Amino acid sequence: MKQLFFKKSGLLLSIFFIANFVFGQKNDTTITFKVWGNCDMCKRTIETALDVKGVKLAEWDKNTKIISVTYNLEKITVEKIHELIAASGYDTEQKRGDDKAYQRLSPCCHYERKSQ
Ligand SMILES: [Cu+2]
């Protein structure tokens with residue numbers, strides 16, 4: 001009897017985890033856009049800026065300047081994602097980077113700003 005109970009609860013637990021996984025994925029989406037920057041240090045700054053709740057994955061490519069962001073639609077907006085990057089001093093397609101934050105970047109990170 002006891003064994004049967006454990007078998008059943010184990011099954012329920014599995015269903016719970018699977019459902020959680022499936023429904024959890026439902027609200028995720030991935031976007032890509034351009035972020036101006038130079039080097040690996042830029043990469044770290046940009047990706048760290050998106051180390052917030054709602055963002056599952058952020059990966060910036062220094063060669064293509066394209067960032068790929070996987071986030072939860074219910075927890076964060078595209079606008080907020082652009083704002084977070086801009087606040088760290090980096091220009092995005094939609095938002096100009098904060099000038100003061102840009103000045104504080106390492107000299108090697110002073111990328112050529114897009115005309116705006
Ligand atoms: Cu840099």
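Let me start with the sheet, which in this predicted model is open, has three strands in the order 1-3-2, and is paired in the antiparallel sense. Because strand 1, residues 28-34, and strand 2 each have a single partner strand, they stand at the edges, and one side of each is left without a neighbour in the sheet. From one strand to the next, the twist averages 15°.

Turning to one of these pairings, strand 2 and strand 3 are joined by five bridges in the antiparallel sense, and alanine 58 has valine 69 in strand 3 as its bridge partner. The loop between strand 2 (55-60) and strand 3 (66-72) holds lysine 65, whose phi is near 65°, a positive value in a residue other than glycine. Lysine 65 counts as partly exposed because it has 19 C-beta neighbours inside 10 Å, whereas a buried residue would need 20 or more.

Across strand 2 and strand 3 lies helix 2, residues 40-49, which runs at about 160° to strand 2.

That brings me to the packing. The largest nonpolar core has 16 residues, of which Val35, Ile46, Leu50, Ile67, Val69, Ile81 and Ile85 touch the most other members. Two or more residues each come from helix 2, strand 2, strand 3 and helix 3 (78-87), with helix 3 giving the largest share, four residues. In soluble globular proteins, nonpolar side chains tend to be buried together.

I will close with isoleucine 67, which, leaving aside residues up to four places away in sequence, touches Thr32, Phe33, Val35, Ile46, Ala58, Glu59 and Trp60.

Key:
Residues are numbered from 1 along each chain as its sequence is written. This is a predicted model: local features need pLDDT of at least 70, side-chain atom pairs count only at pLDDT 80 or more; totals for chains, interfaces and linings use all residues. A residue is buried if 20 or more other C-beta atoms lie within 10 Å of its own, exposed if 12 or fewer, and partly exposed in between; C-beta atoms are placed from the backbone. Two strands pair if DSSP finds at least two bridges between them. Axes are lines fitted to C-alpha atoms, for helices over the stretch in contact, and angles run from 0 to 180 degrees between N-to-C directions. Two residues are in contact if their C-beta atoms, placed from the backbone, lie within 7 Å. A nonpolar core is a set of buried Ala, Val, Leu, Ile, Met, Phe, Trp, Tyr and Cys residues joined through C-beta atoms within 7 Å.
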